[in-house]
Amino acid sequence: MTFSELLGLPSNHSAHGGHVDHLIMVVHWFMLALFVGWTVFFFVCLFKFWHKRNPKASYDGVRSHLSSHLEVGVIIIEAVLLLGFAFPLWQTRVDSWERVQEMDPVRVRVVGWQFGWTYHYPGLDGKFGRTDAALISGTNDLGIDYTDPNALDDYTDSTLRLPVNRPAVLNIGTKDVIHNYAIVPMRIQQDAIPGKEIAMWFTPVDKIETSVVCAQLCGEGHANMIGNMEVIDEKDYDSQATSKSEAALKANSPSTAPEETAAVIR
Ligand SMILES: [Cu+2]
């Protein structure tokens, strides 16, 4: 049994997740050491300061410097955790942004709402169409502006589909309140802030079907914000993306279906 299984964490399926698990493991061993240490200290105090052994209160207090040394020891270990593990992990994440751009990542906009997630794919042109909250309607739940040429081949989905072993950049946003988009098996999550789009990225390394959740209490239906995620073969992903994008282009192009497009814009 691995340490993450012992903690009840689902298995990791992303390229960077092993480092996150390692940090979680180190922190837990440290907490265990603190727990054992403080428990021993507690019982030593019970024994040493037992009222029968000390009928009269001491007004001198503690003379030894042991507790100071222990405190300094704890500070050193915490500093090692922060500077030796947490900062480098964060630095690798932040510094990899430029590198990820050069690796032809898959891009998806993730839009949270009360209570679910909708995905906006850029289509074959790789460019997201403009969106405007004023355009949100019963038939256009993300407010995509179909007068923007980049929007014509965009499509939306309620399932997140990504190709395996290719970096994915997800832009996290929300239509209403603050949510938090979390994919625990990918060891990644990001707050969804109204009016902002914040990118997060990771590389799925296994073909799996799993779920995403909202990790920020956002209302009475918060617990319903479980969404599906599928990591599939790059070939399957490409053929799916192509057919959906082509279908969207056909449906949204003004030349082929002017009435329908007008209805969508309205
Ligand atoms: Cu939520």
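## A hairpin to start with

Let's begin in the middle of this predicted model, with a pair of residues facing each other: V110 stands opposite Y119 in β2. Strand β1, residues 106-113, runs antiparallel to strand β2, residues 116-121, and 5 bridges hold the pairing. Together β1 and β2 make a hairpin, with 2 residues between the strands.

That little turn has something to look at. The peptide bond going from Q114 to F115 is cis, and its omega is near 10°. As for F115, you'll find this residue in the loop between β1 and β2. Why give the bond a second look? Because most peptide bonds are trans.

## The sheet around the hairpin

Now zoom out a bit. The hairpin strands belong to an open sheet of 5 strands, ordered β3-β2-β1-β5-β8, with mixed pairing. At its edges are β3 and β8 (198-202), each of which pairs on one side only. Going from one strand to the next, the twist averages 30°.

You can walk across this sheet by following some of its pairs. On one side, β2 pairs with strand β3 (residues 155-157) in the antiparallel sense, over 3 bridges, and there H120 sits opposite T156 in β3. Elsewhere in the sheet, strand β5 (residues 168-174) and β8 are antiparallel partners too, over 5 bridges. In that pairing L170 faces M200 in β8.

## A second sheet, with a helix on it

There's another open sheet to find. Its 5 strands come in the order β4-β10-β9-β6-β7, and again the pairing is mixed. The edges are β4 (159-163) and β7 (188-192); each has a single partner strand, so one side of each has no neighbour in the sheet. Ignoring direction, neighbouring strands here are turned by 25° against each other on average.

At the β7 edge, strand β6 (residues 179-183) runs antiparallel to β7, and 5 bridges join the two. One pair to pick out is I183 with its bridge partner I188 in β7. Helix α4, residues 234-252, packs on this sheet, where it touches β4 and β10 (227-232). The direction of α4 makes about 125° with that of β4.

One more backbone detail is worth a stop on the way from β4 to β5: the loop between these strands holds N165. N165 has a positive phi of about 60°, even though this residue is not a glycine. Most residues other than glycine have a negative phi.

## Two helices side by side

Head towards the N terminus and the scenery changes to helices. How do α2 and α3 pack? Helix α2 (residues 17-48) and helix α3 (residues 66-102) meet at an angle of about 170°, and their axes are 10 Å apart. The two helices are therefore roughly antiparallel to each other.

Which residues make the contact? From α2 come H19, L23, V26, V27 and F30, and these meet I77, L81, F85, A86 and L89 in α3. Sorted by character, the contact residues are 9 nonpolar and 1 polar, with no charged ones.

## Two domains

How is the chain divided? Domain 1 covers 3-102 and domain 2 covers 106-265. Helices α2 and α3 fall within the first of these ranges, while the β1-β2 hairpin falls within the second. The C-alpha centres of the two domains lie 39 Å apart.

Domain 1 and domain 2 do touch: 10 residues from domain 1 and 14 residues from domain 2 take part in the contact. On the domain 1 side, those residues split into 4 nonpolar and 6 polar, with no charged.

## The whole thing

Step right back, and the protein comes to 5 helices and 10 strands. Is it spread out or a compact globule? With a radius of gyration of 26 Å, well over the 18 Å that the globule rule gives for 266 residues, the protein is more spread out than a compact globule. Taken along the principal axes, the C-alpha atoms fill a box of roughly 95 × 35 × 30 Å.

Definitions and conventions: Residues are numbered from 1 along each chain as its sequence is written. This is a predicted model: local features need pLDDT of at least 70, side-chain atom pairs count only at pLDDT 80 or more; totals for chains, interfaces and linings use all residues. Axes are lines fitted to C-alpha atoms, for helices over the stretch in contact, and angles run from 0 to 180 degrees between N-to-C directions. Helices (H or I, at least four residues) and strands (E, at least two) are DSSP runs, numbered from the N terminus. Angles under 35 degrees count as roughly parallel, over 145 as roughly antiparallel, 65 to 115 as roughly perpendicular and the rest as oblique. Two residues are in contact if their C-beta atoms, placed from the backbone, lie within 7 Å. Ala, Val, Leu, Ile, Met, Phe, Trp, Tyr, Cys and Pro count as nonpolar, Asp, Glu, Lys and Arg as charged, and the others, Gly among them, as polar. Two strands pair if DSSP finds at least two bridges between them. Domain bounds come from an automatic or database domain assignment. The radius of gyration is taken over C-alpha atoms; the globule rule is 2.2 Å times the number of residues to the power 0.38.
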